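Please open the model in your viewer and keep the selection panel at hand. The stops below proceed from the whole chain to individual residues.

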Amino acid sequence: MIVKPAAHKRIVALLVALSIIGVLFLMRMVFVLGVSSYMNAEAKKEDGNHEVVSTYYMIQAMTGDFMEPYIAYYNAGTSAAKANQPELAEQMLTTSLAKVDYAYNECYIRNNLARVQEQLGDYYMISD
């Protein structure tokens, strides 16, 4: 099979572009997995930096997680609850609940949302 020089250049350019896109995608995945692992460990600590964790999860939510779109909001809400920010936590967990599509995962969100609403009720009762 003889390939004309112009077609050969197009094929090479296409392969180079696909290779660059593939490498960038793999780099993003490795970065996201590494940072997510660190942030998850930080969020589980009682004395962790929950404001940084909450900010990271919001960035993750804005950049899009197509497989589980609820997870970043769930993590941000849970982290905000630990950082004693119940209003933000309720907002994030409610958004997460709207995006979840598995009953199994919905249970975790509803559990944390109930805890946050109880925390809000205690806060409003004390402030009155």
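Helices here are DSSP runs of H or I with at least four residues, strands are runs of E with at least two, and both are numbered from the N terminus. On that basis, the protein chain of this predicted model contains five helices and zero strands. Read from the N terminus, the elements follow the order α-α-α-α-α.

**Whole chain**

Begin by colouring the chain by pLDDT. The mean over the protein chain is 80, and 82% of the residues reach at least 70. Confidence is highest in helix 4 (residues 86-99), with a mean of 89, and lowest in helix 2 (residues 50-63), with a mean of 70.

Next, display the surface. The protein chain exposes about 9,200 Å², of which carbon and sulfur atoms supply 65%. Of the 128 residues in the chain, 28% are buried. Among contacts with a separation of 6 or more, 44% join residues 24 or more positions apart.

**Helix 1 and its surface patch**

Select V12, V16, I20, V23, L24 and M27. Together these residues make a nonpolar surface patch of about 530 Å². Now centre on V23, which belongs to helix 1 (residues 5-44). Is V23 buried, partly exposed or exposed? V23 has a relative accessibility of 45% and therefore counts as partly exposed, since that class lies between the 20% and 50% cut-offs.

**The nonpolar cores**

Hide the surface and select Y70, I71, Y74, A80, A89, L93, L97, V100, I109, L113 and V116. These 11 residues form the largest nonpolar core of the model. At least two residues of this core come from each of helix 3 (71-82), helix 4 and helix 5 (103-127).

Within this selection, centre on Y70. Which residues does Y70 contact once its neighbours within four places in sequence are set aside? The contacts of Y70 are S96, K99, V100, N105 and I109.

A second core, separate from the one just shown, has eight residues, including V35, Y56, Y73 and A76. Of these, Y56 is the next residue to select; its place is in helix 2. Y56 is buried because its relative accessibility is 12%, below the 20% cut-off. Add A72 to the selection and draw a C-alpha to C-alpha distance: Y56 and A72 are 8.8 Å apart in space and 16 residues apart in sequence.

**A salt bridge in helix 5**

Select R110 and E106. Their side chains meet in a salt bridge, with an N to O distance of 2.8 Å. Side chains of opposite charge can pair when their charged atoms come close. Both R110 and E106 lie in helix 5, four residues apart, which is about one turn of the helix. The count for the model is one salt bridge.

Both partners can also be inspected for accessibility. R110 is classed as partly exposed because its relative accessibility is 46%. E106, with a relative accessible area of 25%, is likewise partly exposed.

**The loop residue N84**

For the last stop, select N84, located in the loop between helix 3 and helix 4. What is the phi of N84? The angle is near 65 degrees, a positive value in a residue other than glycine. Most residues other than glycine have a negative phi. N84 has a relative accessible area of 57% and so counts as exposed, the cut-off for that class being over 50%.

Terms used:
Residues numbered from 1 in each chain as written. Heavy atoms only, no water. Patch = residues over 30% accessible without salt bridge, like charges linked within 9 Å, V, L, I, M, F, W, Y side chains within 5 Å. Areas by Shrake-Rupley, 256 points an atom, 1.4 Å probe, with all protein chains shown as cover. Salt bridge = Lys/Arg side-chain N within 4 Å of Asp/Glu carboxyl O. Buried < 20%, exposed > 50% of the residue type's maximum accessible area, 1.4 Å probe, protein only. pLDDT = per-residue confidence, 0-100. Core = buried A, V, L, I, M, F, W, Y, C linked by side-chain atoms within 4.5 Å. Contact = heavy atoms within 4.5 Å.
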